[in-house]
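Me: Please examine one part of the following model closely, and place that part in its wider setting. A connected account is preferred to a list.

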Amino acid sequence: MLKKIFKYRSALINLTKRNIKTRYGNTIFGYMWAVLTPIAFAVILDFIFTNVIRVGIKNFTLFVLSGLFAWNFFSNSATESSNAIINSADIVKKFSIPLASIPISVVFSNLFIFIVSLLVILPFFIIKNCSVINYVAILPFVTIFLAAFTIGISLFLSSTNVYFRDVHHFFSTALTFWFWITPIFYSTEMVPEKFRNICLFNPMTLYTNIYRAILFDVRLPRFSEFISAFAVSIVTLIIGSLIFSMLEPNLSKRL
Amino acid sequence: MNMLERSVIARDLWSRYRIKFIENKKIVWEDIWALKGINFEIAKSDTICILGENGSGKTTLLKLIAGLIKGEKGELSVNGSVSALLEIGTGFHPDLTGRENVYLNSSLFGLSTEEIDRRIDKIIEFSDLGRFINAPVKSYSQGMSVRLGFSIAVHLGPDILLIDDSLAVGDASFQKKCIKKIEELKELNKTLIMVTHDVGLAKMLSRRGIILRGGNLIKDGAINNIATFYGQTVGFKKGIASFSSNDLLCIFNNGRMVISVGESTIIGADGINYSFNVLEKEVRPDSGTWETSNIINNAIHATRYIRDKNIDLQEKCIIEQKGDNMLSFTVNVQSNNNVTIKNFNLNVSFSELLKSAYINNLGNRFNESSYYTKLDTGNLIIFSSETEEIDNDLIFIIKPVKFNNKIRGYLQKRKDAYSYVLTMVISDDGKFFRDFNEFIFSMDIKILRNKKDLFSYLLNEQKEKSIQSADCSIVTDESKISIKYKEIEVTNLSGLIASISSNSKWHDSNHAIWDINKVSSDAISVRTEWEGLPIIQNWRIKLTENILKWDINLEVKERFEAKEQKVGILLTDRYQTWLSSYEEGEFPKFSTVWQDIKLRNKASDSIGTRSPDGTQLPSVLFYIKDANSDNSPLIQNADELSSSRSLNAKLPSRTYEPGAYHYFSGSIELIEDKKKIEEYLTYHRNRLKELRTISDGGYSLAIEEGRAKITFNDIEITKSSGLNSRFSYLGVEYEAAQADWGIEKLGDNRIVCQLVWYGLPFLQHWVFEFLGKDKILVEMFFKLSEEVKIENVSTELYLSSAYREWFTEQEKGNFLSPERVGDIAPVKLLYNKSRILGVNSASNLPSLALFSLYDKPILSTICKLFKDTEDSIMFSILDIDTEPEKKLGTGEFLFNRFEIVLQKGAEESSIFVSGSSLGKKDQAELKTSEFNFVFDDGRGRLFYRDTELTKAFCIFTSVCSSKIWYDSAQAAWKQISSSENHLELEGVWPRLPLIQNWKFFFEDARSLLIEIRSRLYKEFNIEREQFSIMLTDEYNKWEVEKQASGIFQPNFSNSYDIISYRMWSGKYGQGKIKISSQQPNLPAVYIDFPLVKNDFWAVIENSDDISRSRVIQAQRVYSGREIRNSDTAFDYFKMRISAEP
């Protein structure tokens, strides 16, 4: 499968481009939105958390942002890719590309936005603490782990959704829960002891924590955390791929 | 590229769809098998089209090949990169520009960016989008999208190109461009697999076709076959059946049969179909419901019932494969009640591939202008595509094989196309089939792929129906038997033919229904059932060496009268010379009608044609009779249209009662050796001559048709026709040469001829007999079957112009200075009733004299005739009769009897001795003491004391009509009454309806009164009349009382009527004419004309130098406007001759 995806890499690239282009292609600000959206989001958060809701955490806006972009990347990718194959039926029926390219391209296009967002808000973190720069080198690795995880989930969702269209709706609903059990608006430490395990069992906790450690806490993530994130992403990717390739042959017939 | 390399191999390929059905709020999932075990292979660089109705699984198959889906079962291997043009133009993202979509689409096809970069320009150029390439695709029209899609697909450089229906979307010019591009790809050895409904496009682009139906592959083969089949069977209708083997595909679709071979549909459109009328109802291919079954392989049985109140028909249409590329098509209509069927038409619509049509062989090209072509069972109708490449020809042959009626067919070229429509009208001489129970029509269809096969097929067809011996072969065909000599056709058209005329209508064997059987290796039998005559002729033709024996037996079903009957051969018009055993001649030019060649000898038992110089054609001899038959030869020249030479045996007319007859026996011999034919002719001519010649000493008499010839030591004495008989009947003149001559030798010295004139109720018999070695007795008879009047019967003998001197009983002379009147120089005879006409021997010719032994009055003439090349001398004896308008009764009448006496070197005197004694002349006398009057056959002689005063014609009359003079010496005279001084006679003129009554009586001893009355028994025009007296030239003075006088000139010229010799001309009655002489013994003669009408005048003149006499004449000239009524004396004349010593 990998080989075939590689062979059709230009298809993957072009699909990714298409996704990005179609998202911003017909707008006046175009790719600026990729920057504007995270900035606007940060401004609103800052206004609310300094003037409306008073949280005990210092620099709460940056605290939220350090995890929120990673989450957005994941949730958008997963939601979009769950419907990706169905939406790309015309391509599926016409071209004998590796179907995995379609959800992967969705992940890739979101990954692009995620990276742009990160680059936009990174200066704020540097302003807050200059030493963030020392740990920035770790960010690509974490991002790759997160992307691999997202791809695994996307492959699973996109293929199963063709068979069971409920998957998309179920997942959208589940994401709301998932969001709140992921420590974005709160830290793991704030979770009561008896629920902390549930929170830690959530793979997304791992990735948010690593991002927060680097950007907000300005420290190296724990080695165990790092290894876990790597392992989770690999396992998820493998499971997702296996399920996908199992379902792939009949996908186009089900469309 | 190795053809064995496969692009696609499918083995038992199955593909399934799972469909969700929501029925009654229940969800049911069901498996639908789109493909059910399909097997096929596609060779590399093949072009193939998948045809199928919606839902047949064709798109699934394409998707499988494209790798878009996977089959559930079976194997599918695809070698090479695939580019699928599925739903072209739909895979674009509407918000992206054309160019961006090219990159996207191309990459989806698996191309790398660099590869796309290389092609982008070509793609854009081909798509013809211009600036639009940089506009979002959503602003494109559908056609533009398709163009872009197609452009991308074809430029990807796949090994296998898959195309679906969407190609139909673009505009015509782009479609053309696409097709051109696809053609280019085909040339680059790309494999092309397309799915379409457009049969035309499929035919254009692909070589092979596959038909899918309900997930099964039902047909795989050449695209044309497949397309035709698909076209005919789409929709799974009732009444459709088909079979195919090798190249051949045959489809029966509700009464229409369609045939295609390999890549070509031969019979398309309405295919082969038929229609007919039954009881005013028209039965057409679609007028009933057909049931078809394919019980046996390679055969279709289709049945239909036509039923209503009065009709109960069962039709069976059977199409069977009978061998390699051979089909038979049979229609069988059965009726449960007797009905009448009309207008049975069989129609075949040919594809325009078949460019030309022939009947029977390649020499006989179908002529588009001849709208109507007669066809027969067994005829071959050959269509050919006439391609240049020998092995890629397409030949289609139709051969009607079994039918109990006539077929008339016509081929037509469709007005709007180059294709042919063959219509065969099957009928019984234009009528229809009454009261039939069963009707069968069958034809064989053969399809060949090259001319060579056609030649061997035709050869085989011929062999089956031909026999051969030595250099000669007989080739039969339907209604045709041709003779070939060393492979050259001797005959023309139908070859052997028999014809019968009955009820003034001709019937020919070639319009009969023929049943030809090869009896043995050298014999053929033909059964001909005639059209319009209640007969069957059974022909048997046997070939031995180069002789064809021909026997015909006749079966007669009903009584009929055969007025004329012929059995003959039509020969090619390359023959120029005809011959019979005794004659030969050139054929004339063809005209618009058939011409009979006149044969002088009807006795010939063989006729023929002579081998033309410089050709391989043999001479042909047709022996027209066996020992017992009464056949006569007939050579004909056909009309321009048929342009054939025709040799016939003419059979006597006859009325046939039902029964069996031996009809004809004859034989035809082909002779190549020219010497042999000369020998044949010489033999027959000599033999005939022998049979027709009697001779004695050096003299011989030979009779030929139209000619009796006398020779002496082989030198011919006679000329031209020799002996001739001439007569007129009903105003028309006939002669012997026009008659049909029958000649028979009876014993050694007798020959009898029978002369028959066509249409005359009488004939002549001539009997020639040698009486001793120098005398031939000739007797001529009329044999009459009814009472008729025959006029001006004369007998003529033509002699060599080498003769110089003539003599008669009374006179003699020579032919040295003839006085010609046109071609004739008549000898002036004073005595034209001589019963002896003769010529003195000249050079090596013997003297000849004709002694008339006939006891009736005759008029004899001697003429010299000048013809173009041949001068001759003619003796003529005209029958004259005292009874005008006498009819001859039935029976036999002698009309002439004479001897021809021949003596070498003899003078006339000795001939007279050797001739038989002649009859005594009729003479009447009237006497007075001084005068003596003798009537001598039309002339009155006057003696004075035994001295004759008259001379030459003496006292005579003459009339002139149409500028020809007739005198009383020519008439036939009889004595009416006589007494001591009174004599009455009546003369009947030959050739004029004139009768004169002459009365003589002496008023006193020296005065003779003559009264002449003329009467006509028919309307006739008389121009002049003369009453004359010729006196001896010893008279030398003339005097008209009180008026004129003169002296007769002593010299005579050769003419009467020269003015300078006319002594006097004046009105009658102005005085007596006195003729006197110095001779003491001659009395002066006074002539006056008492009681004569006004308009006479008298003439005194010298005669010509033959008569040498003084002429006193009363003349009268008629205006010519006066029409003489019959039977009234129109004129009366009185003359008094008195003498004064």
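Does Phe622(B) count as buried or exposed?

Reply: Phe622(B) counts as buried, because its relative accessibility is 0% (buried is under 20% relative accessible area, exposed over 50% and partly exposed in between, with a 1.4 Å probe and protein chains only). This is a predicted model, in which local features need pLDDT of at least 70 and side-chain atom pairs count only at pLDDT 80 or more, while totals for chains, interfaces and linings use all residues. Residues are numbered from 1 along each chain as its sequence is written, chains are lettered from A and ligands numbered from 1 in the order in which they are written, and side-chain values use heavy atoms, leaving out hydrogens and water.

The setting of Phe622(B) is aromatic. Over all chains, the structure holds 48 aromatic pairs (Phe, Tyr or Trp rings, the six-membered one for Trp, with centres within 6.5 Å; planes under 30 degrees apart are stacked, over 60 edge-to-face and the rest tilted). One of these joins Trp14(B) and Trp33(B), whose ring centres are 5.5 Å apart with planes at 85°, so the pair is edge-to-face. Trp14(B) lies in strand β1 and Trp33(B) in strand β2 (residues 26-43) of chain B, so their pairing ties together parts 19 residues apart in sequence (strands are DSSP E runs of at least two residues, helices H or I runs of at least four, numbered from the N terminus). Trp14(B), at 21% relative accessibility, counts as partly exposed, and Trp33(B), at 29%, also counts as partly exposed.

Phe622(B) itself pairs with Trp550(B); this pair is stacked, at 6.3 Å centre to centre and 25° between the planes. Since Trp550(B) belongs to strand β35 (residues 547-556) and Phe622(B) to strand β42 (residues 619-623) of chain B, the pair ties together parts that are 72 residues apart in sequence. Its partner, Trp550(B), is likewise buried, at 0% relative accessibility. In chain A, ring pairs link a cluster that includes Trp71(A), Phe149(A), Trp178(A) and Tyr207(A).

The two chains also meet. Their contact (heavy atoms within 4.5 Å) takes 35 residues from chain B and 23 residues from chain A. About 2400 Å² is buried between them, with carbon and sulfur atoms giving 57% (accessible area lost on being put together, 1.4 Å probe, summed over both). In chain B, Leu68(B), Leu104(B) and Leu108(B) lose the most area to chain A, together 25% of what that side buries.

Terms used: Buried area = accessible area lost by both parts, 1.4 Å probe.
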